[in-house]
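I opened a new notebook page for this chain. The entries below follow the order in which I looked things up.

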Amino acid sequence: AMASDSLELTVFDCGSLTFADISAFSVTNDETPVRELFVPCYLIRHPDGLLLWDAGLPINIVGQGDVSPQEGLTMRYDQSITDQLGSVDVDVSDIDLVAFSHMHWDHVGAANLFSESTLLIQQTVYQAAFVDQGNPIFQPDLYMGLADSNMQILEGDHDVFDDGTVQIISAPGHTPGHQVLLLKLEETGPLVLSGDLYHFRKSRDLRRVPTFNTNAEDSLASIDKVEALLERENATLWIEHDKALADTLRKAPASYR
């Protein structure tokens, strides 16, 4: 059995995205005033290893202030994930495992730095990201540094440390092989990190999926699966991009147990 304080979660601010128009998310500008999305990275410390979940915006924009890659989108990233890991005495080379909710550019922005870590990746994502390179929203240059890294290919849900405390939950639809993370924290309680199952609280309220999702039907099935999991585990959902939520969270070097 685990010591009660052995699982620990640290939240990092890995940037922000501001949209002029959010209709691509299938939520209208009238339905929510929210235009800014938080971009997180997370460190999970377990007695058997360190797991990085999601890797933020592309690190080449760190410290550049507001950057506009396309009209109607502004992004900003003030302190790199490497510096933030340093604030909790973790070096990139200390990360044993890395897993991404999916391979979109705002979730794999520092991926190439973790080529020495073991990548936990769904078979379908491996195919889409490394073999076909066919998903139009993927930016292979951000993660191709992992092409020869040690990988553990997953086919569905996966118990990361074989003790139920950290579980990757398959939730495809937003992209092939999209996944969420279930954590069983002793004090905080069970928690699910949403990936991009939802982008806004309104997306969840209205059960809407973005127009650019790979498969809408799969997305809705994954929503049903994760909502059932939340109920069954009595877990809290953190919508990763929810800035209002992020503003209330303790960031590194603080942590959740």
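**Entry 1: ground rules.** I count two strands as paired if DSSP finds at least two bridges between them. Helices (H or I, at least four residues) and strands (E, at least two) are DSSP runs, numbered from the N terminus. I am working on a predicted model, where local features need pLDDT of at least 70, side-chain atom pairs count only at pLDDT 80 or more, and totals for chains, interfaces and linings use all residues. Residues are numbered from 1 along each chain as its sequence is written, and side-chain values use heavy atoms, with hydrogens and water left out.

**Entry 2: the sheet.** I started with strand β3 (residues 49-55) and looked up its pairing with β6 (residues 97-99). The two run parallel and share three bridges. One residue pair I noted is Trp 53, whose bridge partner in β6 is Ala 99. Strands of a sheet pair through backbone hydrogen bonds, either parallel or antiparallel.

Next I traced the whole sheet. It is open, has eight strands and mixed pairing, and reads β4-β5-β1-β2-β3-β6-β7-β8. Which strands stand at the edges? They are β4 (67-70) and β8 (151-154). Each has a single partner strand, so one side of each lacks a neighbour in the sheet. Ignoring direction, neighbouring strands are turned by 25° against each other on average. For angles I use axes fitted as lines to C-alpha atoms, for helices over the stretch in contact; values run from 0 to 180 degrees between N-to-C directions.

I then looked at what packs on this sheet. Helix α2 (residues 123-132) does, and it touches β7 (118-122) and β8. Its direction makes about 100° with that of β7. Contact here means heavy atoms within 4.5 Å.

**Entry 3: salt bridges.** My criterion is a side-chain nitrogen of Lys or Arg within 4 Å of a carboxyl oxygen of Asp or Glu. How many salt bridges does this rule give? The count is 10. For accessibility, buried means under 20% relative accessible area, exposed over 50%, and partly exposed in between (1.4 Å probe, protein chains only).

I looked up Arg 76 and Asp 66 and found an N to O distance of 3.2 Å. Arg 76 sits in β5 (residues 73-76) and Asp 66 in the loop between β3 and β4, so the bridge ties together parts 10 residues apart in sequence. Arg 76 is partly exposed at 34%, whereas Asp 66 is exposed at 55%. A network of salt bridges links both of them with Asp 78.

The second pair I checked is Lys 225 with Asp 157, closest N and O atoms 2.9 Å apart. Lys 225 belongs to helix α4 (residues 216-233), and Asp 157 to the loop between β8 and β9 (158-159), so parts 68 residues apart in sequence are tied together. Lys 225 is partly exposed at 34%. Asp 157 is partly exposed at 46%.

The third is Glu 227 with Arg 204, where the closest N and O atoms are 2.8 Å apart. This pair links α4 to helix α3 (residues 201-206) across 23 residues. Glu 227 is partly exposed at 23%, and Arg 204 is partly exposed at 32%.

**Entry 4: the disulfide.** I searched for cysteine sulfur pairs within 2.5 Å. The search gave one disulfide. It joins Cys 14 to Cys 41, S to S 2.2 Å. Cys 14 lies in β1 (residues 8-19) and Cys 41 in β2 (residues 36-46), 27 residues apart. The angle about the S-S bond is -125°, a left-handed link. Are the cysteines buried or exposed? Cys 14 is buried at 0%, and Cys 41 is buried at 0%.

**Entry 5: a charge without a partner.** I stopped at Glu 240, in the loop between β13 (236-238) and α5 (243-246). Glu 240 is buried yet has no salt bridge. The nearest side chain of opposite charge is Arg 204, 13 Å away. For charge, Lys and Arg count as positive, Asp and Glu as negative; His and the chain ends are not counted. What does Glu 240 touch? Leaving out residues up to four places away in sequence, its contacts include Phe 38, Tyr 42, Trp 53, Asp 54 and His 107.

**Entry 6: one long distance.** Last, I looked up Leu 206, in α3. Leu 206 is partly exposed at 33%. From Leu 206 to Asn 150 I get 40 Å, C-alpha to C-alpha, with their positions 56 residues apart in sequence.
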